[in-house]
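Reader: I am new to this structure and should be grateful for a close look at a single part of it, namely the aromatic rings. Kindly explain how they are arranged with respect to one another.

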Amino acid sequence: MKVLRHKIELLTGLLLQEMTMAGLHELRFTEEKPLLRGQEAELENSDVFLSTVDTDWKEHDIETPYGLLHVVIRGSPKGNRPAILTYHDVGLNHKLCFNTFFNYEDMQEITKHFVVCHVDAPGQQAGASQFPQGYQYPSMDQLAAMLPSVVQHFGFKYVIGIGVGAGAYVLAKFALIFPDLVEGLVLMNIDPNGKGWIDWAAAKLSGLTSTLPDTVLSHLFSQEELVNNTELVQSYRQQIGSVVNQFNLQLFLNMYNSRRDLDINRPGTVPNAKTLRCPVMLVVGDNAPAEEGVVECNSKLDPTNTTFLKPGKLTEAFKYFLQGMGYMPSASMTRLARSRTASLTSASSVDGTRPRACTHSESTEAMGQINHTMEVSC
């Protein structure tokens, strides 16, 4: 699969057109420019993932039914606009997973319209205290059930979730349990399946023969990436081993590996089928460890409301995703995109208000994932 160095052509209005068509839409784009600038130089810095200063972020520890949740937030709710809420993958935290991405210049055009809320899984934030021996880590269902406390604490009406790997699973579960709180989802490298006995045994064996950082790396990277991108992999190995408390990380990893299948089915395939009711964008990289799972997840979603994105530039994909929901002004579209979509869509709302006819409980949309964890990480 493609990692940070890979380049993608700007995602044009064709994405919006594809989003409204029935069936699976598998979009591919040619390479144009890197997702992040100066990546090679940054990788030489051992603090590559933490180098960006969070000048406008405020930290909060929020009480939930299953313990404290560390959250960082920038901005305040803007009219009827949803908040952007992120959830990271195993082995990472909000900084390691999203810091550089949200400070990337193309994202500034997007985030100025929204309040952004990063959620750290319990005990995964930098400097977290180690949980005591015998601590029962929240289940994946319980991690999802902690999120309404965040929404309520800040007074959000609803959120657009961006999740990676384990975080994508948590957000999908959140949307299934609390559909009226979720306006849309961007699910990156989601695996909707629980581990079978063979997978469980293999994970146990791996835990006996590999270090914890190496076990996490095999979740984040494909075997090809582990071999061919040694500099990037080494940077992640160092950060995983030094930034995240290893005892707490093991608890999170164990719980993720114990997850159950997501209870979703394509409408019409089984009686009373449950599926995601919000717009979802699925994104996965070529040869990503989660590629097979993402494909299966797509097969369980409503094909008329699901977009499946192969390696693409996340900032552009996300911008058009928001525009399709009516939350980004048309003035922010590229000239090329405007020329291609002028006949397809009217100008989006710029004041944060819009009709609610196609969202929440009245919506059966689903869009879901992005490239490899590494592609959105700092």
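Author: The following account concerns the aromatic rings and their surroundings. The model is a predicted one, and its mean pLDDT is 75, with 68% of the residues reaching 70 or more. Among the elements, helix α5 (residues 140-145) has the highest mean pLDDT, 98, and strand β3 (residues 33-34) the lowest, 28. Over residues 1-53 the pLDDT is below 50, and it likewise stays under 50 over residues 333-378.

The structure holds eleven aromatic pairs. One of them joins Tyr135 to Tyr137 in an edge-to-face arrangement, with 6.3 Å between the centres and 80° between the planes. This pair counts as edge-to-face because its planes are over 60 degrees apart. The two residues differ in their exposure: Tyr135 is partly exposed, at 26% relative accessibility, whereas Tyr137, at 2%, is buried. Ring pairs also bring Tyr135 and Tyr137 into a cluster with Phe131 and Phe252.

A further pair is formed by Phe174 and Phe178, whose ring centres lie 5.8 Å apart; with 50° between the planes, the pair is tilted. Here Phe174 is buried, with a relative accessibility of 1%, while Phe178 is partly exposed, with a relative accessible area of 26%.

Arginine side chains also meet aromatic rings face-on in this model. Arg81 lies over the face of Phe114, 5.4 Å from the ring centre. Arg259 is placed over the face of Tyr256, at 4.0 Å from the centre of that ring.

Note on methods:
Residues numbered from 1 in each chain as written. Heavy atoms only, no water. pLDDT = per-residue confidence, 0-100. Helix = DSSP H or I, 4+ residues; strand = E, 2+ residues; numbered from the N terminus. Contact = heavy atoms within 4.5 Å. Phe/Tyr/Trp six-rings, centres within 6.5 Å; stacked < 30°, edge-to-face > 60°. Buried < 20%, exposed > 50% of the residue type's maximum accessible area, 1.4 Å probe, protein only. Lys NZ or Arg CZ within 6 Å of the ring centre and 35° of its normal.
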